[in-house]
Amino acid sequence: MAAIFPFHRLSIMDFDEDCARTHAALWAKLEAAGARIGAHDIMIAATALHHNMRVATCNASEFKRVANIKVIIPQAIRH
């Protein structure tokens, strides 16, 4: 029996100019550290950081490179 993820508690955030600034700073920091992540993942991370939100993902290893990011792995996909 699979667990049910509470999708009704998710928020979809806009990627606005403030998120783009957070993205640029995050990209520069990761690039300098030689710890780049995927283009979409960095946009998601920047948006979450800007709004002080958590990221629900199956790809936690990518987000571990981002300082101060809060990651949750949905129960339905945990091993």
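This passage describes the salt bridges of a predicted model and the exposure of the residues that form them.

Side chains of opposite charge can pair when their charged atoms come close. In the predicted model, 4 salt bridges are counted when a side-chain nitrogen of Lys or Arg is required to lie within 4 Å of a carboxyl oxygen of Asp or Glu.

One of these salt bridges joins the side chains of Glu17 and Arg21, with a distance of 2.7 Å from N to O. Both partners belong to helix α1, which covers residues 17-32, and because they stand 4 residues apart in this helix, about one helical turn separates Glu17 from Arg21. Glu17 and Arg21 are both exposed. The pair is also part of a wider arrangement, since a network of salt bridges links Glu17, Asp18 and Arg21.

A further salt bridge is found between Arg36 and Glu31, whose closest N and O atoms are 3.4 Å apart. Arg36 has a relative accessible area of 55% and is therefore exposed, whereas Glu31, with a relative accessibility of 33%, is classed as partly exposed.

Arg65 and Glu62 likewise form a salt bridge, and here the closest N and O atoms are 3.4 Å apart. Arg65 counts as partly exposed because its relative accessibility is 39%, while Glu62, with a relative accessible area of 15%, is buried, the cut-off for a buried residue being under 20%.

Technical notes:
Residues are numbered from 1 along each chain as its sequence is written. This is a predicted model: local features need pLDDT of at least 70, side-chain atom pairs count only at pLDDT 80 or more; totals for chains, interfaces and linings use all residues. Side-chain values use heavy atoms; hydrogens and water are left out. Helices (H or I, at least four residues) and strands (E, at least two) are DSSP runs, numbered from the N terminus. Buried means under 20% relative accessible area, exposed over 50%, partly exposed in between (1.4 Å probe, protein chains only).
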